[in-house]
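Welcome, and please take a look at the model below. This report walks through the surroundings of its ligand and then turns to a patch on the surface.

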Amino acid sequence: MGILTGKVAVITGSTRGLGLAIAQAYAAEGAAVVVSSRSAQAVEQTAADFRARGWQAAGMSVDVADLAQVQSLAALAVKEFGKIDIWVNNAGVTGPYGPTAQFDPRVFEGVVRTNILGTYYGSITALSHFKKQGGGKLINMLGMGYNKPAPWQNAYGSSKVWIRHFTKALAAENKDQTGIGIFALNPGMVLTDLLVRNEVIAGSEEKLKSFPVIVRMWAKPAEEPAKKAVWLAGPATDGKTGIEGNVFTTGVLVRGALRELWWKVTGTAPKTSEVDMTTVAPWQPD
Ligand SMILES: NC(=O)c1ccc[n+]([C@@H]2O[C@H](COP(=O)([O-])OP(=O)(O)OC[C@H]3O[C@@H](n4cnc5c(N)ncnc54)[C@H](OP(=O)(O)O)[C@@H]3O)[C@@H](O)[C@H]2O)c1
């Protein structure tokens, strides 16, 4: 028996990275999980892997930027498992690192569609089910930029502050709805494709020079923030709303910096980096 036994959880963007780790952690705690991402093949494979481990799982390929698809995902959860107790709006994208004016507007739009519209559609869909059922927990994913401007990552960073304010406003609007918890989670730096497979706009490479060291100091395996997502979804938060979970604490910051300093002093810093960078051309207006 885990702390989520009997619960049904939907996690968007859960075929890799943090979403996959959250889905695995929920399933390991006894929840039936519904996995999704845009890739039908990845969804099928992930759901099959879960079932092979003895976990209850279903899946559907969904683009979170499409409301009808998000509603179908909720309908699948209800059809397969009868209800939705936990909904995590995890799917997110970044785009290349570089000046806002050189960012391809179509890529910018893609960030807005996935991060902002995706969170909005997922939230209203989950909320309508929670209201019918008389309860449920919604978790929206924060990230860099949620608490201060993120120059050279403006599309991503400004989408995350939007998610923060959106989530807080939604929690305030629904604070009298007994049994509904609306939370945000800042997972810190997580070792996933989104963090380490970087694109940089030509001319901005210099600004990312120290990025591999930053990743080495502070990035964590996805299993770490997934534990916080379990805590938010579990009984510890029953009857609460508006919580902002944060994995990137002062302790993490100080420990990472001290370890790096020790490596520098002793000359034992790792020679290789997990960070991979591809240069892309700047966007030019016609
Ligand atoms: N990694 C970090 O350091 C970090 C730090 C702070 C916050 N976060 C946040 O954590 C969340 C997960 O990030 P991650 O690092 O795990 O990213 P990731 O490794 O790139 O995984 C993203 C997942 O979302 C899916 N996805 C992307 N766009 C989608 C869309 N429009 N519709 C449905 N699914 C979509 C991807 O699958 P498909 O591409 O196949 O659709 C994939 O399963 C994001 O919200 C991110 O902002 C990450």
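A residue is near a molecule if one of its heavy atoms lies within 4 Å of it. The model here is a predicted one, and in it 30 residues surround the ligand. The closest of them are L18, R38, N90, Y156 and T192.

What kinds of residues make up this shell? They divide into 13 nonpolar, 12 polar and five charged.

Three polar pairs between protein and ligand are worth a look in your viewer:

| Residue | Protein atom | Ligand atom | Distance |
|---|---|---|---|
| T192 | polar side-chain atom | oxygen | 2.4 Å |
| V64 | backbone N or O atom | nitrogen | 3.0 Å |
| V62 | polar backbone atom | nitrogen | 3.5 Å |

Taken alone, the ligand exposes 890 Å², and the protein buries 94% of that area. As for secondary structure, the elements that give two or more residues to the shell are α1 (17–28), α5 (154–173) and α6 (193–196). Helix α6 provides the largest share, with three residues.

Now for the surface. A nonpolar patch is formed there by L253, V254, L258, L261 and V265. Together these residues have about 460 Å² of accessible area. One of them, L261, sits in helix α9, which spans residues 250–266. Is L261 buried or exposed? Its relative accessible area is 51%, and because exposed means over 50%, L261 counts as exposed.

Notes: Residues are numbered from 1 along each chain as its sequence is written. This is a predicted model: local features need pLDDT of at least 70, side-chain atom pairs count only at pLDDT 80 or more; totals for chains, interfaces and linings use all residues. Side-chain values use heavy atoms; hydrogens and water are left out. Patches are made of residues with over 30% relative accessible area and no salt bridge: like charges are joined within 9 Å, nonpolar side chains (Val, Leu, Ile, Met, Phe, Trp, Tyr) within 5 Å. Accessible areas come from the Shrake-Rupley method with a 1.4 Å probe; for residues, only the protein chains shown count as cover. A salt bridge is a side-chain nitrogen of Lys or Arg within 4 Å of a carboxyl oxygen of Asp or Glu. Helices (H or I, at least four residues) and strands (E, at least two) are DSSP runs, numbered from the N terminus. Buried means under 20% relative accessible area, exposed over 50%, partly exposed in between (1.4 Å probe, protein chains only). A polar contact is a pair of N or O atoms within 3.5 Å; within protein, one must be able to donate a hydrogen and the other to accept it, and residues adjacent in sequence count only if both atoms are side-chain atoms. Ala, Val, Leu, Ile, Met, Phe, Trp, Tyr, Cys and Pro count as nonpolar, Asp, Glu, Lys and Arg as charged, and the others, Gly among them, as polar.
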